[in-house]
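Dear colleague,

I am passing on to you the structure we spoke about, together with some notes on what came out of it. Please have the sequence and the model open beside this message as you read.

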Amino acid sequence: MDDGQAIGSGRTWFAAGMRGIFSLPALMLMLSFVGFCAFTAQAGIPVEQVVFMVGAVWALPAKVILVSSMLSGANLLTAFVAVTLSSIRLMPMVAALVPEIRTEKTPTWLLLFLSHFVAITAWVFAMERVQAVPREHRVTFFAGFGITLVLANMLLVVIVYQFVAEFPPIVAGCLFFLTPVYFLASIWKSARHPVIYVAMVGGLVAGPFFYWLAPEFDILLAGVGGGTLAWLAERTWRKRRELSA
Amino acid sequence: MTVFEGWWIYVFIAIAGWLATDLWRWLGVLAGNRLRDDSEVLNWVRAVATALVAAVIAKLILYPTGILEHSPLWLRLASVAAGALAFFIGRQKPAIGIATAIAVLAMGLYALGF
């Protein structure tokens with residue numbers, strides 16, 4: 001970010017993270033939240049419950065599944081299982097992020113607290129930008145961005161909820177489509193390891209394949225299967241190149 | 001029991017939403033704390049995390065909910081293809097790819113009378 005200066009106080013880096021709210025990833029997410037807001041308003045879920053959901057759950061796909069479960073009258077256990085299965089991906093995402101941002105002195109409780117702010121957007125943003133932040137300030141930088149992003153979207157829901165129900169279908173459709181298109185572009189752009197490109201293609205192919213094969217566990221199977229295959233392929237290629245070099 | 005009223009719904013969201021997601025985040029912290037940032041295991045974790053997110057993306061495009069559920073698949077795929085083409089021609093600027101994909105989708109939806 002700014003100029004990657006090695007000096008600078010914690011407050012400076014927290015503020016630098018906060019300024020991430022004006023980035024393309026944050027803008028895309030906020031537009032996606034307008035789309036989610038339209039979805040909940042049409043479903044008749046009161047605004048205070050939507051705001052609580054944004055703060056408590058945070059991950060957008062998990063919220064879409066939670067709302068769908070509520071609408072279909074699912075009981076607590078059924079809803080829990082559906083949401084939790086869709087959220088397993090958060091574990092490898094957090095596990096990949098933690099070694100990038102922590103130092104030896106970072107307390108685990110702080111990482112546990114901050115992990116709540118991890119969802120796809122914050123993850124993509126952090127993986128892309130923390131490289132330019134001195135290691136001792138990376139956790140602070142992420143906290144500034146993550147906390148601001150959640151609070152801003154809670155506020156956004158309060159403001160736009162009453163307007164979204166009247167959106168024309170084209171606008172609602174385009175808002176929804178922003179999410180996948182933005183994820184595609186930003187993950188590709190921010191990849192710093194060759195394995196990311198292979199895994200991306202692997203997941204895009206494996207996702208629909210496992211949806212057809214075993215729709216209950218499609219995302220999980222696609223991630224572990226497609227990801228492992230991608231890792232093996234990239235590793236083989238890398239080793240061969242090291243040998244010939 | 002009406003789902004949308006009273007304190008019960010907040011307990012419902014807290015358990016089926018909050019706990020159901022944070023559980024995995026906490027496990028991620030505990031696992032990530034043991035990984036060195038140059039290890040081969042972390043490379044594998046990166047690959048799995050990326051493939052999981054990619055699978056979510058593929059599902060959002062192929063099996064959308066809401067308005068897009070009624071839009072033709074070829075239009076959604078054409079929008080993504082046009083966006084990808086613009087992205088690679090335009091020096092991998094995300095904004096160029098995203099704007100192109102959304103513009104194609106909007107024109108298509110309009111032409112189809114949405």
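Is A:C174 buried or exposed? Before the answer, please keep in mind that this is a predicted model. A:C174 is buried, with a relative accessible area of 10%.

Let me stay with the cysteines for a moment. Over all chains the count of disulfides comes to 0, and the pair A:C37 and A:C174 shows why a bond is ruled out for A:C37: the closest cysteine sulfur to that of A:C37 belongs to A:C174 and lies 18 Å away, which is too far for a bond. Seen from the other side, A:C174 is in no disulfide either, with the sulfur of A:C37 as its nearest cysteine sulfur. A:C37 is also buried, and its relative accessible area is 0%.

The second topic is the contact between the two chains, to which chain B gives 75 residues and chain A gives 89 residues. Together the chains bury about 7,400 Å² between them, and 79% of this area is on carbon and sulfur atoms. On the polar side, 15 residue pairs are in polar contact across the interface of chain B and chain A, both residues of each pair being at pLDDT 80 or more.

As for where chain B makes this contact, the elements that give two or more residues to its side are α1 (8-32), α2 (40-62), α3 (73-89) and α4 (94-111) of chain B. The largest share comes from α1(B), with 24 residues. Sorted by kind, the residues on the side of chain B that touches chain A are 55 nonpolar, 11 polar and 9 charged.

How many salt bridges are there between chain B and chain A? The count is 2, and in one salt bridge the side chain of B:E40 meets that of A:R238, at 3.1 Å from N to O.

A:R238 turns up again in the surroundings of B:N43, a residue that lies in helix α2 of chain B. Leaving aside residues up to four places away in sequence, B:N43 touches A:H193, A:V195, A:W231 and A:R238. B:N43 is buried, with a relative accessible area of 10%. To place B:N43 along its chain, you may also look at B:I57, which is 14 residues apart from B:N43, with 21 Å between the C-alpha atoms of the two.

With best regards

Terms used: Residues numbered from 1 in each chain as written. Chains lettered and ligands numbered in written order. Predicted model: local features only at pLDDT ≥ 70, side-chain atom pairs only at ≥ 80, totals over all residues. Heavy atoms only, no water. Contact = heavy atoms within 4.5 Å. Buried area = accessible area lost by both parts, 1.4 Å probe. Salt bridge = Lys/Arg side-chain N within 4 Å of Asp/Glu carboxyl O. Polar contact = N/O pair within 3.5 Å; in protein donor to acceptor, adjacent residues only side chain to side chain. Helix = DSSP H or I, 4+ residues; strand = E, 2+ residues; numbered from the N terminus. Nonpolar A, V, L, I, M, F, W, Y, C, P; charged D, E, K, R; others polar. Buried < 20%, exposed > 50% of the residue type's maximum accessible area, 1.4 Å probe, protein only. Disulfide = S-S within 2.5 Å.
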